[in-house]
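Reader: I am new to this structure and would like a close look at a single part of it. Please take one helix and its surroundings, and explain the terms as you go.

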Amino acid sequence: MRSIADRIVRLLASVVIAGCLIEVAFAESGQREAITATVMGEMVQKVGYRAMIQKQAIMYNLAGYARNDPDGTVGVRLQGDKDRIDKTLEAISAGTKTSSKANIIGETQTALDPNLRTFTVFGWTSQSRKISNPYDLVFDLRPTDDEISAKQAKAIWDTIAESTLKGEDLSKFMKHLGDDE
């Protein structure tokens, strides 16, 4: 009886130690946070804006989503390293060459979701490519929490779009491969 109790105590001790090591690893890799935000600007829909946000998430390995809201704003959730979220928020505020500039971001801290391991653009379409069928573009976080270049992020985004789009929409996308959006 005593040996079973000893084994249980040892097992629980190893679980506690492993949990502490994971917490230390997260602390060393930077402060993690989660935010939700509403982005307001003159032109933040139908201009490649959510694709830009997803490329930022890919570059910085952030989880979350971007979606167009019915009121003309863009809803965003970002989860990951605080400094990387701040860089992404700067890019969101600055906009793209086709979107409005100096966009207003109303952000709120939210609870971390330990199960969130993707960044999704919900209902992506492309006016410039004449793709009107909505697609959910899903980026799975990299196992290593490294930062990659904008060029690498765009290549990953292109691969996500290529693997998601179907039929004629895929053909339209491939004709414009390399275009910004």
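Author: What follows is a description of helix 4, then of the sheet and core to which it relates.

Residues are numbered from 1 along each chain as its sequence is written, and side-chain values use heavy atoms, with hydrogens and water left out. This is a predicted model, in which local features need pLDDT of at least 70 and side-chain atom pairs count only at pLDDT 80 or more, while totals for chains, interfaces and linings use all residues.

Helices (H or I, at least four residues) and strands (E, at least two) are DSSP runs, numbered from the N terminus. Helix 4 covers residues 150-164. Its 15 residues reach 21 Å from first C-alpha to last, close to the 21 Å expected at 1.5 Å a residue; the expected span is 1.5 Å times one less than the number of residues.

Buried means under 20% relative accessible area, exposed over 50%, and partly exposed in between (1.4 Å probe, protein chains only). In helix 4, Ala-153, Lys-154, Trp-157, Asp-158, Ile-160, Ala-161 and Thr-164 are buried. These residues cover an arc of only 160° around the axis, so they are on the same side of helix 4. The arc is that of the directions from the helix axis to the C-beta atoms. On the face turned away from this buried side are the exposed residues Lys-151 and Ser-163.

The cover over the buried residues includes helix 2, strand 5, strand 6 and helix 5 (167-175), where contact means heavy atoms within 4.5 Å. Helix 4 lies across strand 5 and strand 6, at about 125° to strand 6. Axes are lines fitted to C-alpha atoms, for helices over the stretch in contact, and angles run from 0 to 180 degrees between N-to-C directions.

Strand 5 and strand 6 belong to an open sheet of six strands, ordered 4-1-3-2-5-6 with mixed pairing. Two strands pair if DSSP finds at least two bridges between them. Strand 4 (104-110) and strand 6 (131-140) are at the edges with a single partner strand each, so one side of each has no neighbour in the sheet.

Helix 4 is also among the elements that give two or more residues to the largest nonpolar core. Such a core is a set of buried Ala, Val, Leu, Ile, Met, Phe, Trp, Tyr and Cys residues joined through side-chain atoms within 4.5 Å. Of its 38 residues, Ile-53, Leu-78 and Trp-124 touch the most other members. Helix 2 gives the most to this core, with eight residues.
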